[in-house]
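The following exercises ask the student to read contacts, strand pairing and backbone angles from a structure. Each task is followed by a worked solution.

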Amino acid sequence: MQQITPIHFQTTRVLPEYDIFIHTSDGTRIPAHTCILASVSPVLENIIDQPRQHRSSERIIQIHGVPSTAATAFVGFLYSSRCTEDEMDKYGIHLLALSHVYNVPQLKQMCIKGLSQRLTVENVVDVLQLARLCDAPDLRLRCMKVLTNHFNTVQKTEGWKFLIKHDPWLELDILQFMDESETRKEKLRRHREEFGLYAELSEAMECLEHICTEGCIDVGPYHVEVDREKKPCKRFSTCQGLQLLIRHFATCKRRVKGGCWRCKRMWQLFRLHSYVCQQNDSCNVPLCRQFQLRMEQEKRKDDPKWKLLAKKVVSAKVMFSLSLPKRKRDEEVRVTIDNRGIRHFGYNEYCNNRCVSC
């Protein structure tokens, strides 16, 4: 025996008598109005416009495959454009399927948002399958991320066991997404490490100019008297390492024969500075102008690599300066120093990887 389920429509419009009924799988009859259904769903409009076999016959729309209560919530949304949290908790998956089948975009977006907030390791596989069938890429991506983050737990669920038996293509899609996700994470990690290196080099260039122009605690230009009692500069750790390198560079006897690795690092710093320097003749950094003249006279094969390094260092300086107002001072990029000089600039790795020669 069919049961008629009346709906308390939340609308201010004056509605005529019911002129159509929606039949569900369990025999429930939901009364409705053709004008309302046709105005919200183009699919329902096409069904309503189909000719009837007998003009006197009752208009009926069949909605099967979902609980009658879910169908009632769906029809209620067509009238009120509202869906309660309780309805989303109980019928979110069914409402997403109905909104896709009957082309109700507003309800579909609400279901995508609601299901995204209600994903668990128990239902994520079911929601993923539905998201793929209902053309919901945002929800699919969200499901993929949950699967990736909790894959060991999801593997133990009944939904996953059913998936690997009946949908191997989706299983392959999930595993491929997880592999690509790991690749993206590794690429991002390497990018952050490179940016950190370029930021450190940028800071070293600033400290080199500071030492050669204003002077710091131990080293300064010949026309500036070094004040050992003045307070350390804001980047003293980097300045201290550079001062140690400069003092060693000035007194090293192995430098002439090219056998000192510290002097090589100092040469590299001077050369890098010459590529990023914009002061031309007014620069106080030693060998800056000499390197620039040499670059103009000789076009060496490794010049493009140095130019690329200089470009990345300048870019890192700009990016870092833009982020300074949003960071605390103690979160700035710092350079690890030991008593042998600059240790953490990464010159050895960079030169080996890029084949840069002094």
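**Exercise 1.** Determine which residue lies over the face of phenylalanine 177, and which charged end sits over the ring of phenylalanine 21.

*Solution.* Begin with the criterion: a charge sits over a ring if NZ of Lys or CZ of Arg is within 6 Å of the ring centre and within 35 degrees of the ring normal. Over the face of phenylalanine 177 lies arginine 184, at 5.5 Å from the ring centre. For phenylalanine 21, the charged end is that of arginine 29, 4.0 Å from the centre of the ring.

The model is predicted: local features need pLDDT of at least 70, side-chain atom pairs count only at pLDDT 80 or more, and totals for chains, interfaces and linings use all residues. Residues are numbered from 1 along each chain as its sequence is written, and side-chain values use heavy atoms, with hydrogens and water left out.

**Exercise 2.** Describe how strand E2 is paired and covered.

*Solution.* Strands (E, at least two residues) and helices (H or I, at least four) are DSSP runs numbered from the N terminus. Two strands pair if DSSP finds at least two bridges between them.

1. Strand E2 (residues 20-23) is joined to strand E3 (residues 28-32) by 4 bridges, and the two run antiparallel.
2. With strand E4 (residues 60-62), E2 pairs in the parallel sense over 3 bridges.
3. Isoleucine 22 has isoleucine 30 as its bridge partner in E3 and isoleucine 61 as its bridge partner in E4.
4. Ile20 and Ile22 on one side of E2, and Phe21 and His23 on the other, are all buried (buried: under 20% relative accessible area; exposed: over 50%; partly exposed: in between; 1.4 Å probe, protein chains only).
5. E2 and E3 form a hairpin with 4 residues between them, and glycine 27 in the turn has a positive phi of about 90°.

**Exercise 3.** Locate asparagine 103 and aspartate 135, and state what is notable about the phi of each.

*Solution.* Recall that most residues other than glycine have a negative phi.

1. Asparagine 103 is in the loop between helix H4 (85-101) and helix H5 (105-117). Its phi is positive, about 55°, although asparagine 103 is not a glycine.
2. Aspartate 135 is in the loop between helix H6 (124-133) and helix H7 (137-149). Its phi is also positive, near 55°.
3. Asparagine 103 is partly exposed because its relative accessible area is 37%, whereas aspartate 135 counts as exposed because its relative accessibility is 55%.
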